[in-house]
Amino acid sequence: MSEPAMTSDWTAGIEAISYQRCTACGGVQYFRRDFCAACGSNDLATLRAGGEGVVHAATLVHRAATPEAREHVPFKIVLIDTAEGFRMMAHGAQDLAIGDRVTARYARFTGRLVPFFERTPA
């Protein structure tokens, strides 16, 4: 379920995931843009995602790209198809598999707050 507009999310250190919905065509997009990627309209609403979705893809990372990430190896990166209709990349629990229903919480990774998905309890 979405909530009214918000201006900050995890990219600003706030425990939230925001997305945009085009008021002209209804398209949804993740990561803010000044225009709708589907129709080009600049009439966009910024909304807060509920943090629920399904794992679309997952990979376990064994080699850190940076020295700061070495302490986290191995870690899982997942693509999540959110309930709101957009796909996002995030961190996830190591036991996640494609098709798992998940819920977001927030964790620190290399000093930054990031969405971290875990299997939704049955």
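Q: Hi! Which strand has Val-28 in it?
A: Val-28 sits in strand β2. Keep in mind that this is a predicted model.

Q: Is Val-28 buried, partly exposed or exposed, and why?
A: Val-28 counts as partly exposed, because its relative accessibility is 26% and the buried class stops under 20%.

Q: What does Val-28 touch, leaving aside its neighbours within four places in sequence?
A: Val-28 is in contact with Tyr-19, Gln-20 and Arg-21, and also with Glu-84, Gly-85 and Phe-86.

Q: And how far is the C-alpha of Val-28 from that of Ala-38?
A: Those two C-alpha atoms are separated by 8.6 Å, with the residues 10 apart along the chain.

Q: Let's zoom out. How many helices and strands are there in the chain?
A: The chain has zero helices and eight strands. Along the sequence, that reads β-β-β-β-β-β-β-β.

Q: What radius of gyration does the chain have, and what would a compact globule have?
A: The chain comes out at 15 Å, and a compact globule with 122 residues would be near 14 Å, so the two agree. If you'd like the extents too, the C-alpha trace spans about 45 × 35 × 20 Å along its principal axes.

Q: What share of the residues is buried?
A: Buried residues make up 38% of the 122 in the chain.

Q: What about the exposed area, and how much of it do carbon and sulfur atoms supply?
A: About 7,200 Å² is exposed by the chain, and carbon and sulfur atoms supply 52% of that.

Q: And contacts between residues at least 6 apart in sequence: what percentage join residues at least 24 apart?
A: That would be 46% of those contacts.

Q: Switching to electrostatics, how many positive and negative charges does the chain have?
A: There are 13 positive and 13 negative charges, and their mean positions are 5 Å apart.

Q: How many salt bridges does the count come to?
A: The count comes to five salt bridges. As background, side chains of opposite charge can pair when their charged atoms come close.

Q: Give me one with a buried partner. Which residue does Asp-9 meet in a salt bridge?
A: Asp-9 pairs with Arg-32, at 3.2 Å from N to O. Asp-9 lies in the segment before β1 (18-22), whereas Arg-32 is in the loop between β2 (28-30) and β3 (44-48), 23 residues apart.

Q: So what is the relative accessible area of Asp-9?
A: Asp-9 is at 3%, which means buried, because that class covers values under 20%. Arg-32, at 44% relative accessibility, is partly exposed.

Q: Nice. What does Arg-119 pair with?
A: Arg-119 forms a salt bridge with Asp-95, where the closest N and O atoms are 3.1 Å apart. Arg-119 lies in strand β8 (residues 112-119) and Asp-95 in the loop between β6 (87-92) and β7 (101-109), so this pair ties together parts 24 residues apart in sequence.

Q: How exposed are Arg-119 and Asp-95?
A: Arg-119 is partly exposed at 39%, and Asp-95 is partly exposed at 47%.

Q: Which residues are linked with Arg-119 in a network of salt bridges?
A: Asp-95 and Asp-100 are linked with Arg-119 in that network.

Q: Last one: which residue does Arg-105 meet in a salt bridge?
A: Arg-105 meets Glu-118, with 3.1 Å from N to O. This pair links strand β7, home of Arg-105, to strand β8, home of Glu-118, 13 residues apart. Arg-105 is partly exposed at 35%, as is Glu-118 at 32%.

Technical notes:
Residues numbered from 1 in each chain as written. Predicted model: local features only at pLDDT ≥ 70, side-chain atom pairs only at ≥ 80, totals over all residues. Heavy atoms only, no water. Salt bridge = Lys/Arg side-chain N within 4 Å of Asp/Glu carboxyl O. Helix = DSSP H or I, 4+ residues; strand = E, 2+ residues; numbered from the N terminus. Buried < 20%, exposed > 50% of the residue type's maximum accessible area, 1.4 Å probe, protein only. Rg over C-alpha atoms; globule rule 2.2 N^0.38 Å. Contact = heavy atoms within 4.5 Å. Areas by Shrake-Rupley, 256 points an atom, 1.4 Å probe, with all protein chains shown as cover. Lys, Arg positive; Asp, Glu negative; His and termini not counted. Charge placed at Lys NZ, Arg CZ, Asp CG, Glu CD.
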